[in-house]
Structures are given as structure tokens and as C-alpha cells.
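The following exercises train the reading of a protein model. Please attempt each task before studying its solution.

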Amino acid sequence: MHSQRASCGSGEDLDFDGLAASVHRIERIQQLSGLRFGMTDAPGWLRCDDLLDAPERLRAWQGRLADWLGTQYDEVPARTVAAWIASWYLHVPARAAAVLFHHERRVPVSKLAFRLSDDRPHPAEIALLGDGFHCLPSDTAAARPEATVVADEQELAAALRDGYLAHATRFVDAYGPLSRLGRRSLWAAATDALDTALWSAGEPDAGVADAALVLGSRHAPLTAASTLRLTPEREWTRRLESCCFSYLLPSTPECDGCPRSTPKQS
């Protein structure tokens, strides 16, 4: 198979069939995807493997967030810091997988990195650090050595879910001892991150369909199937599984839909 090449707009040729080209196409469609192929020379990049292999780096990230919150609040509860870091981190593998799944029907098999914003220390960009991916038989790159072909969309959804669960398990194991959050709370955050990422990867109705495909039922240790539902006003919403503990900050109300005050619906 002869691969095609296309210009990426910066004077550099881009392999039309590869994962880097997938990311480029997504960037052109969805300017705010926040996803790129490879890291830049800009400061602030963190490799996920480095954080999970050396959890003291996660603790340093907690300290940076606590300092940032401390410029705005007199009191910064440790539980709030822990919950924000968990949500931000889990967003990284969830977003990378959901965006590629939605737009390209590919699931990356890749190490990840992210760049912290210069102001608020949250992930501003996500980078794929490898070119392997799962795809469907109809994918133009199905014959490439870096492609793992699966039979249908159900198996592709399972590959996304399994890869995310493996990454989230590493995070829960590494981060649990550093936080005041129990494993159930961390897995609730992991559930929210994946469900929300699938929902927000494209147009709402299409995102809901993706979430139903990946999270049509509960897959333990995730705490729920997709909680997306229509309101009486015919708008999509979802029930939160996890609490961000922002209400512990001075003069900060509970979030709408906080699981502390919103009963689960069957």
C-alpha cells in the first residue's frame, strides 16, 4: 500500500494515513481540540509515564495548584486540590481517546504528555507520543504496521474503554496515597472524565451516541454507565458521579448537579 502525503501547512509533509495526520485533520475541524502529535519546545510539558512512575511529581503539581488557589482564597482545602488534580489528569487520556474516536474512528495506542498552562496549572494541550492505533477494517491505514484492526465499532469502543481503564488504574494506584480521596471517589472522577469527553468531542447528539457505544453499561471499576439524559426542555445533561469539592473554598456554592445533593436516577 502506498501511503499518501499532505501538507500540514507549515511547510512539512504529513503522512496522510498516519495518526499525526488524524490529529491534524481534527485540528482543522475543531480548533479547540487541544490535541497535538508530539511535544513542542515550550516549557510546562509533563509526560504521563513520568508522573505515574514518580508520584512525587503529582505531589509537586498539587503544590502548584494549592499556590495558585492561595492567591485567590484565604483557605485552600487539601481535598479540593486533590479532586481538581484528579479531574484534570483523567481528562487527558479521556480527551485524547474520545476526540480521535469521534472524528477518525481511531483509538490511539500511545503514551501521552500534556502541557500546563502558564497561568492556571491545568492541562492546556495534550500530546500523543506514539503512532499506534486501533481502527476499523475500512480505515485507509488498516494495512499499516502501526494499525491494529478490530472487527466493528463495538470492538473499537471496547478498545477505547480498555485502554482508558488501564491508564486510569495506573493513576488511581499512584495518586490514591497522595490524596484524601478514596478509590471509589477516584473512579467516580474517572467515570465523569470519560463520559464528559465522549459527549463533548463533537456535536451533542453524536457525542451522546459515542458515550452510549462506549459506556452503554457499567464497566467496573467505573462507577456507572453513561449518565447522559434529556431534560424536559429536550437538552442533554448528565449526572455527576464525583465531587470536585469546590464548595469547600470560601464563599463558593455547590456546583449544579453536585452528587452530594443530587439523588441518583434509575
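**Exercise 1.** Determine in which sense E4 and strand E6 pair, and over how many bridges.

*Solution.* Step 1: Strand E6 comprises residues 112–116, and its pairing with E4 is antiparallel, over three bridges. Two strands count as paired if DSSP finds at least two bridges between them; strands (E, at least two residues) and helices (H or I, at least four) are DSSP runs, numbered from the N terminus. In general, the strands of a sheet pair through backbone hydrogen bonds, parallel or antiparallel.
Step 2: Opposite Arg 47 stands Ala 113 of E6.
Step 3: The model is predicted: local features need pLDDT of at least 70, side-chain atom pairs count only at pLDDT 80 or more, and totals for chains, interfaces and linings use all residues. Residues are numbered from 1 along each chain as its sequence is written, and side-chain values use heavy atoms, with hydrogens and water left out.

**Exercise 2.** State the order of the strands in the open sheet, and explain why one side of E3 and of E4 lacks a neighbour.

*Solution.* Step 1: The four strands follow the order E3-E7-E6-E4, and their pairing is mixed.
Step 2: Strand E3 (35–37) and strand E4 (45–47) are at the edges; each has a single partner strand, so one side of each has no neighbour in the sheet.

**Exercise 3.** Establish where the buried residues of helix H3 lie around its axis, and what they pack against.

*Solution.* Step 1: Helix H3 (residues 56–70) has 15 residues, which at 1.5 Å a residue should span 21 Å; the end C-alpha atoms are 21 Å apart, in agreement. The expected span is 1.5 Å times one less than the number of residues.
Step 2: Leu 58, Trp 61, Gln 62, Leu 65 and Leu 69 are the buried residues of H3. Buried means under 20% relative accessible area, exposed over 50%, and partly exposed in between (1.4 Å probe, protein chains only).
Step 3: These residues cover an arc of only 105° around the axis, and therefore lie on the same side of H3. The arc is taken from the directions from the helix axis to the C-beta atoms.
Step 4: Glu 56, Ala 60 and Asp 67 are exposed on the other side of H3.
Step 5: The buried residues pack against helix H2 (48–53), H4, E6, E7 and helix H5 (153–175), where contact means heavy atoms within 4.5 Å.

**Exercise 4.** Decide whether Ser 242 is buried or exposed.

*Solution.* Step 1: Ser 242 is found in the segment after strand E11 (236–238).
Step 2: Its relative accessible area is 16%, so Ser 242 is buried.
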